[in-house]
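Here is a short briefing on one structure. It covers a sheet, the helices packed on it, and a few backbone details.

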Amino acid sequence: MIQKITSILLILSLLILPGCWSRKELNELAVIVALGVDKYDDGYMVTAQVINPTEIGLQRGSIGATPVIVYSAPGETIPDALQRILSQAPRQLYLSHLRVLVFGEELAREGLSDVLDYISRNQELRTDFYLLVANGSQASDVLKVLTPFEHIPANSLYSSILVSNKQWAATGRITLQQFVTELGREGANPVLSGVKIIGDKKVGRSIENLHKTEPDALLRHAGMAVFKKDKLVGWVDELMSKSVNYILNEVNTTVGHVRCPDPDDGIIGIRIVRASSDIKARLDKNGKPEFDVVYFIDADLEAVQCTIDLSKEESFRKIEQVIRKTMQSTTETSVQQIQQKFGSDVFGFGEALHRQHPKVWRKYRHQWGDVFPHVKVTIDAKVSLRRVGSIIQPLRREMKDP
Amino acid sequence: MAQTEVKSDAVKPLTFISDMRQLTGDSTDIIYRYIELNDVSGWLIYVEGLADPRQVLTAIHEEPGLRDGLKSDASSLYDHLKHRTITEGKLQEEETLSAIAELLLSGYTVIFLDGMERALCIDTGSLKQRQVQEPASQSVVRGPREGFTESLRDNIALVRRRVKNAALRITSYKLGQETRTETAVMYLENKADPEVVAELQRRIKKMNLESVLESNSIEEMIQDQQYSPFPTVYNSERPDVIAAGVLEGRIAIFVDGTPFVLLVPALFMQFFQSSEDYNQRGDFGSLVRLLRYFCFAISLLTPSFYIAVTTFHQEMIPTNLLLSLIGQREGIPFPAFIEALIMEVTFEILREAGIRLPKSIGQSVSIVGTIVIGQAAVEAGFVSAAMVIVVSLTAISNFALPAFNMAISIRMLRFVIMALAASFGLYGMIIAMIMLALHLCQLQSLGVPYMTSFAPFNGWYQKDTLVRLTQPMVQRLKKKRDGA
């Protein structure tokens with residue numbers, strides 16, 4: 001009997017004594033929602049945006065402080081710097097809920113692979129956060145700006161990437177996973193979305209920034225950063241970003257405008273409601289690779305600022321032709337510019353060649369960087385207009401007709 | 001020794017009445033009425049309140065054969081009484097004191113004629129009883145409103161009424177050395193597994209109880225495994241549930257003095273069925289039953305899952321939810337496990353208090369408990385609002401289970417799993433689940449595996465396990481099964 005009781009006690013103490021070794025209560029954690037990495041001497045300056053728990057709950061204890069606190073510390077390596085941050089923060093750093101990782105432009109130009117090694121190796125980090133590059137500034141400055149509406153700046157960045165990527169198509173929604181895969185892929189180079197501070201970044205750091213209808217400092221998406229391998233080579237503007245996203249098949253919906261079939265008449269605003277693309281690699285008679293990109297686009301008419309007669313079917317065919325031509329010319333210019341300016345195959349043409357003509361690819365794989373700027377790319381678009389909206393004839397037309 | 005006892009126990013013509021008085025210790029509720037039939041004197045004995053001898057007395061009084069003087073010896077008068085005078089249906093002759101006393105105490109009227117070595121026992125039981133009422137537990141929206149009462153005979157009749165079948169077998173036992181409680185076992189000869197019936201009879205005979213006041217004493221004696229949190233005997237105070245069980249081939253055990261009738265063998269899935277399932281439309285019945293299994297999981301696992309996830313696996317929580325939880329937990333002085341324990345124990349106290357209190361006060365206690373204490377605890381910063389939600393959800397899910405005894409076992413196990421979750425996180429919960437599954441699978445109810453229809457899997461039983469198929473569907477399937 002005594003033996004039985006002893007064994008039960010032993011089993012129970014097994015429950016209490018060795019257990020709980022990885023236990024951490026929620027209020028012992030400093031949750032890092034955004035991490036910024038900048039160049040600093042030979043090492044890195046790491047900036048962490050940490051949740052200030054008393055300010056995010058709806059309850060007691062709020063003293064009107066900022067919803068996040070930003071810590072910065074330098075270090076030879078990133079864990080080194082994080083260790084120093086720990087000496088400033090009163091709680092255990094918790095990285096699993098990172099939403100965005102921002103790189104300073106300077107660092108990005110020098111190469112990201114060393115940083116990404118730590119980030120991918122750390123088992124505490126998920127791989128589903130978004131990567132951004134601070135356009136023309138330090139990552140630490142970006143993390144210090146307080147944002148209205150979404151009070152946690154990291155969440156604000158995160159959701160605006162989600163929303164704008166869906167609605168606007170000029171930003172890249174790239175997670176760590178995708179970026180690292182893209183880096184490892186032959187015949188494709190990654191792009192990252194850029195973020196820019198507009199306004200006064202000093203005021204942006206204080207809660208004052210949120211007390212105005214028009215905040216003094218805002219974060220804005222600023223084009224896309226083009227990489228060659230892991231190094232940033234340059235920025236592309238909104239229109240080019242869109243073209244990149246079209247070819248990468250990353251466009252959901254977006255808006256745009258084209259000139260009317262009669263160019264002097266005015267312009268037509270369209271909304272792309274569905275878009276997909278298809279890259280075909282083929283060989284010309286000299287055996288050189290060429291690429292045909294075909295867009296399949298469904299569009300709605302949104303604003304008709306000309307006098308076209310929309311009761312006739314041929315008008316629609318005409319508008320479709322105009323959209324097709326516009327898409328062709330803008331994309332072709334974008335591709336050419338990227339080919340010439342950066343020489344970085346962000347579209348994944350090499351990848352397409354690899355898939356469709358693996359034998360030919362073997363010839364080019366080691367010199368694709370040199371070949372890519374000179375390959376010929378033709379664009380075609382199959383456009384269908386779907387809806388005209390609640391009214392049919394343009395109002396401008398009715399103004400003219402007596 | 002035994003022989004002399006039999007001898008001393010036998011009815012002695014001369015001393016019967018004084019022997020009787022001695023045996024019952026002159027209890028004042030036992031009435032000895034002196035009667036005279038022709039020249040023979042006799043006694044009519046009954047227990048006040050238990051028996052109503054009025055009809056017997058009237059019959060004796062009005063029977064001319066007993067007063068005409070033609071028969072004047074005790075034995076022919078006795079026969080006359082037995083065969084002609086007594087109008088009651090149930091009548092017994094006994095020759096031992098103890099047997100007579102037992103009948104007397106269960107509501108029989110005893111007639112003893114001087115000089116005879118046996119006595120006539122007439123069933124005149126007329127105990128004041130509760131009417132058949134709507135049962136307090138397991139109430140339904142649609143379905144019969146009858147509930148069992150404390151009377152064994154009424155209870156048996158209530159089931160008989162629903163199963164008019166000649167194959168219905170009822171065996172009676174007197175259990176409990178001191179209480180001699182009448183107990184009846186009911187089953188359908190053509191449906192019940194004879195091995196199970198024999199096993200139950202063996203267990204009942206082996207039982208050596210001092211007293212049986214409620215069916216639980218019997219439940220504890222016949223269950224297969226003493227140390228299990230799970231009930232392996234089903235009980236109900238609804239005749240329709242017991243009738244349905246008997247029709248399925250189960251065995252019902254009625255105990256006099258309690259409205260709770262036992263049903264064996266009981267299977268795990270049976271505790272998730274309610275008679276309502278069969279009284280409502282099949283689709284609804286199936287959905288509600290699935291909901292109950294879901295409630296079982298919620299009730300068992302929610303607090304431990306909350307503890308495990310918030311103290312070990314924060315990375316599993318969606319970021320926005322985590323932020324809101326962190327905000328709530330800020331300033332709470334206890335670890336999540338202690339916090340959960342405080343709330344759960346508080347709730348258990350409230351629940352227990354609510355049951356014991358008179359109904360009218362009980363409601364206000366629950367209001368004070370849930371709203372005032374819950375609200376105040378959150379506002380004072382002792383516990384987080386999320387924890388209050390978790391505990392209330394757990395409690396409400398627990399009430400959704402139709403079988404009270406299954407709900408109790410979940411309440412107990414919940415704390416064990418919480419402790420495991422607090423020390424090992426989800427890993428501990430998984431260990432608990434595995435152990436629970438192992439335990440459930442080795443459990444038996446009267447030799448029948450407890451998890452029958454899941455493990456061992458039985459395809460045919462699936463018609464009425466997780467979901468309830470409607471009658472036409474069952475019949476179609478039956479045709480298919482029998483045809484193949």
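**Helices across the sheet**

Helix H11 of chain A, residues 313–341, lies across strands E10, E11, E12 and E13 of chain A. Its direction is at about 145 degrees to E13(A). The model is predicted. A second helix, H10 of chain A (residues 238–247), lies across E10, E11 and E12 of chain A. H10(A) runs at about 55 degrees to E11(A).

**The sheet in chain A**

- The sheet is open and has four strands, in the order E10-E11-E12-E13 of chain A.
- Its pairing is mixed.
- Strands of a sheet pair through backbone hydrogen bonds, and the pairing can be parallel or antiparallel.
- Strand E10 (254–259) and strand E13 (376–387) of chain A are the edges, each pairing on one side only.
- On average, neighbouring strands are turned by 40 degrees against each other, direction ignored.

**The E11–E12 pair**

- Strand E11 of chain A covers residues 267–283, and strand E12 of chain A covers residues 289–305.
- These two strands run antiparallel and are joined by 16 bridges.
- Within this pairing, Lys280(A) has Asp292(A) in E12(A) as its bridge partner.

**Cis peptide bonds in chain B**

- Most peptide bonds are trans, and most residues other than glycine have a negative phi.
- The bond from Val264(B) to Pro265(B) is cis, with omega near -10 degrees.
- Pro265(B) sits in the loop between strand E10 (261–264) and helix H10 (275–279) of chain B.
- Ala455(B) and Pro456(B) are also joined by a cis peptide bond, with omega about 5 degrees.
- Pro456(B) belongs to the loop between strand E12 (448–449) and helix H18 (471–483) of chain B.

**Positive phi outside glycine**

- Lys229(A) has a positive phi, near 50 degrees, although it is not a glycine.
- Lys229(A) lies in the loop between strand E8 (217–228) and strand E9 (231–236) of chain A.
- Leu446(B) is likewise a residue other than glycine with a positive phi, near 50 degrees.
- The loop that holds Leu446(B) runs between strand E11 (444–445) and strand E12 of chain B.

**Burial of these two residues**

- Is Lys229(A) buried, exposed or partly exposed? Lys229(A) is partly exposed, because 13 other C-beta atoms lie within 10 Å, and a residue counts as exposed at 12 or fewer and as buried at 20 or more.
- Is Leu446(B) buried or exposed? Leu446(B) is buried, because 21 other C-beta atoms lie within 10 Å.

Methods. Residues are numbered from 1 along each chain as its sequence is written. Chains are lettered from A and ligands numbered from 1 in the order in which they are written. This is a predicted model: local features need pLDDT of at least 70, side-chain atom pairs count only at pLDDT 80 or more; totals for chains, interfaces and linings use all residues. Two strands pair if DSSP finds at least two bridges between them. Axes are lines fitted to C-alpha atoms, for helices over the stretch in contact, and angles run from 0 to 180 degrees between N-to-C directions. Two residues are in contact if their C-beta atoms, placed from the backbone, lie within 7 Å.
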